[in-house]
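This report describes a protein chain and the ligands bound to it. Please keep the sequence and the three-dimensional view at hand while reading.

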Amino acid sequence: MTNLITVSVRCPNCRQSLMNPGKRIDDLPSIAFQAKVADKIGQIYLSQIYGSYHKLFEGVEDIADAVIECSCPHCHTPFPVSRVCDCKAPVISINLQIGGTINVCTRNGCKHHSAEFENLDDAFMLFQNQDETRYS
Ligand SMILES: [Zn+2]
Ligand SMILES: [Zn+2]
């Protein structure tokens, strides 16, 4: 397993941890965002395993192809948008504590998210190859 990355994600604004040990996805603490979908505000919990697209919605509907406005669950600051995905939705970028950035497309169901790590599982080479633009 080379795609098992134990991450520690913090809000770029208030520096509080976004990891949520109470909501486990793929048997690990999830990454929690405040999510706004179709004018409702709730939470979204993402798997911290790169390449896993398991996620949980709480208080918002899991609407296919909806663009989710993601912000910090603590300070409610929207996460920085680094670029626009091929699907035309904003891609948010969050720096990890230890060398790396995760980029997540905000369109529900879009698999074009990436992590700036090496040693990616072969299964994700496809996504890596699609990801021509690198940010630091
Ligand atoms: Zn914050
Ligand atoms: Zn996308």
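## A buried threonine

The model discussed here is a predicted one. Thr106 is found in the loop between S8 and S9. Its relative accessibility is 5%, so Thr106 counts as buried, the limit for that class being under 20%.

Thr106 also has a polar partner: its side chain reaches the backbone oxygen of Pro90 at 2.7 Å. When residues up to four places away in sequence are not counted, Thr106 touches Ala66, Val67, Ile68, Cys70, Ala89, Pro90 and Ile92. Pro90 therefore appears both as the polar partner and in the list of residues touched by Thr106.

## The chain as a whole

The protein chain is built from 1 helix and 9 strands. Read from the N terminus, the order of the elements is β-β-β-β-β-β-β-β-β-α, with the helix after the strands.

Of the 136 residues in the protein chain, 43% are buried. Among contacts with a separation of 6 or more, 43% are between residues 24 or more positions apart. The accessible surface of the protein chain is about 7,400 Å², and carbon and sulfur atoms account for 50% of it.

## The zinc ion of ligand 2

Which residues hold the zinc ion (ligand 2)? Its protein donors are the SG atoms of Cys85, Cys87, Cys105 and Cys110, which lie 2.2 to 2.3 Å from the ion. The 4 donor atoms subtend angles of 102 to 120 degrees, and the arrangement is therefore tetrahedral; for four donors, that class requires all angles to lie between 85 and 135 degrees.

Along the sequence, the donor residues of this ion follow the spacing C-x1-C-x17-C-x4-C. Cys87 belongs to the loop between strand S6 (81–84) and strand S7 (90–95), while Cys110 belongs to the loop between strand S8 (101–105) and strand S9 (114–115), so the pair ties together parts that are 23 residues apart in sequence. Cys87 is partly exposed, with a relative accessible area of 23%, and Cys110 is likewise partly exposed, at 22%.

## The zinc ion of ligand 1

The zinc ion (ligand 1) is coordinated at 2.3 Å by the SG atoms of Cys11, Cys14, Cys72 and Cys75. This site is tetrahedral, with angles of 102 to 113 degrees among its 4 donor atoms.

The spacing of these donor residues in sequence is C-x2-C-x57-C-x2-C. Are Cys72 and Cys75 buried or partly exposed? Cys72 is buried, with a relative accessible area of 0%, whereas Cys75 counts as partly exposed because its relative accessibility is 27%.

## An aromatic pair and a serine in strand S5

The structure holds 1 aromatic pair. The ring centres of Phe33 and Phe79 are 4.9 Å apart and the planes stand at 55 degrees, so the pair is tilted. Phe33 lies in strand S2 (residues 28–37) and Phe79 in the loop between strand S5 (69–71) and S6; the pair thus links distant parts of the chain, 46 residues apart. Both Phe33 and Phe79 are buried.

Ser71 has its place in strand S5. This residue is buried, with a relative accessible area of 8%. Leaving aside neighbours within four places in sequence, Ser71 is in contact with Phe33, Gln34, His76, Thr77, Pro78 and Phe79; both members of the aromatic pair are thus among its contacts. Ser71 and Ala32 are 39 residues apart in sequence, and their C-alpha atoms are 9.4 Å apart in space.

## Residues in other loops

Gln48 lies in the loop between strand S3 (40–46) and strand S4 (55–58). With a relative accessibility of 6%, Gln48 counts as buried. Its side chain reaches the backbone oxygen of Pro29 at 2.9 Å.

Two aspartates are notable for their backbone angles. Asp39, in the loop between S2 and S3, has a positive phi of about 70 degrees although it is not a glycine. Asp39 is exposed, with a relative accessible area of 69%. Asp65, in the loop between S4 and S5, also has a positive phi, near 70 degrees, and is a residue other than glycine.

Key: Residues numbered from 1 in each chain as written. Chains lettered and ligands numbered in written order. Predicted model: local features only at pLDDT ≥ 70, side-chain atom pairs only at ≥ 80, totals over all residues. Heavy atoms only, no water. Donors = N, O, S within 2.8 Å, 3.2 Å for Na, K, Ca; no water. Tetrahedral: all angles 85-135°; square planar, octahedral: opposite > 155°, others 65-115°. Helix = DSSP H or I, 4+ residues; strand = E, 2+ residues; numbered from the N terminus. Buried < 20%, exposed > 50% of the residue type's maximum accessible area, 1.4 Å probe, protein only. Phe/Tyr/Trp six-rings, centres within 6.5 Å; stacked < 30°, edge-to-face > 60°. Polar contact = N/O pair within 3.5 Å; in protein donor to acceptor, adjacent residues only side chain to side chain. Contact = heavy atoms within 4.5 Å. Areas by Shrake-Rupley, 256 points an atom, 1.4 Å probe, with all protein chains shown as cover.
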